[in-house]
Amino acid sequence: PAAPEPEPAVSTCGEMGALRASLSGAINAEVDWTDAELRCESMLRPDDRGVRLRFSGEIRGERVAMIIAIDDVEGGATGAEFDSVVTITVDGSGRFFSTPNLGACWTDVETNTGLDSGLSNVAGSLTCVAPLGEFNGDAFVDIPELRFSGIADWDGS
């Protein structure tokens, strides 16, 4: 008998997921993750003041997550220069890099549209004027350019 066909992958990014970034420093890579190779998650920021978008994918055999915490953005809102905190983690390595606080990165939200699932597609670009420092070390990651499309759960569920 023929082997059953595998189940199609279920998108966690609203079927429009993408992350493209140029990284240099401790992680030197051109990232071009599409919906099929990307995992997306979201959660509200403390006090419901904005949202955290988490994107994860593979870079040279390691699972890497990029978290963009966008301050003061709400469901349906778009606009330029939302203050943001960015964190990059390398699964299983104990290494992570982050901006120390607001003021070093900002996000331009170009799309913030509701989907049938109750989630929203959030897309835009991120700009950082300083590198992300390593939490327990001297290394850094610079992100001169990042574009994204992911999901946000404004209900926090």
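The exercises below work through the disulfides, a buried strand residue and the nonpolar core of a predicted model.

**Exercise 1.** Determine which cysteines are paired in disulfides, and give the handedness of each pair.

*Solution.* Begin with the sulfur atoms: those of Cys 13 and Cys 40 lie 2.1 Å apart, and those of Cys 105 and Cys 128 lie 2.0 Å apart. Since a disulfide requires sulfur atoms within 2.5 Å, the count comes to two disulfides. Next, take the torsion about the S-S bond, which is about 95° for Cys 13 and Cys 40, so that disulfide is right-handed; for Cys 105 and Cys 128 the torsion is about 110°, so this disulfide is right-handed too. Finally, with bonded cysteines counted along the chain, the pattern reads 1-2, 3-4.

**Exercise 2.** Decide whether Ile 70 is buried or exposed, and identify what surrounds it.

*Solution.* First locate Ile 70, which belongs to strand S5 (residues 62–71). Its relative accessibility is 0%, and therefore Ile 70 counts as buried, the cut-off being under 20%. Then list its contacts beyond four places in sequence, among them Arg 45, Leu 53, Phe 82, Val 109 and Phe 148.

**Exercise 3.** Find which members of the largest nonpolar core touch the most other members, and which strand gives the most to this core.

*Solution.* Of the 38 residues in this core, the ones touching the most other members are Leu 19, Leu 23, Val 31, Ile 88, Leu 146 and Phe 148. Turning to the strands, S11 (residues 140–152) gives the most, with six residues. As a closer look at one member, Ile 88 touches residues including Leu 23, Val 64, Phe 97, Leu 132 and Ile 143, when residues up to four places away in sequence are not counted.

Note on methods:
Residues are numbered from 1 along each chain as its sequence is written. This is a predicted model: local features need pLDDT of at least 70, side-chain atom pairs count only at pLDDT 80 or more; totals for chains, interfaces and linings use all residues. Side-chain values use heavy atoms; hydrogens and water are left out. A nonpolar core is a set of buried Ala, Val, Leu, Ile, Met, Phe, Trp, Tyr and Cys residues joined through side-chain atoms within 4.5 Å. Buried means under 20% relative accessible area, exposed over 50%, partly exposed in between (1.4 Å probe, protein chains only). Helices (H or I, at least four residues) and strands (E, at least two) are DSSP runs, numbered from the N terminus. Contact means heavy atoms within 4.5 Å.
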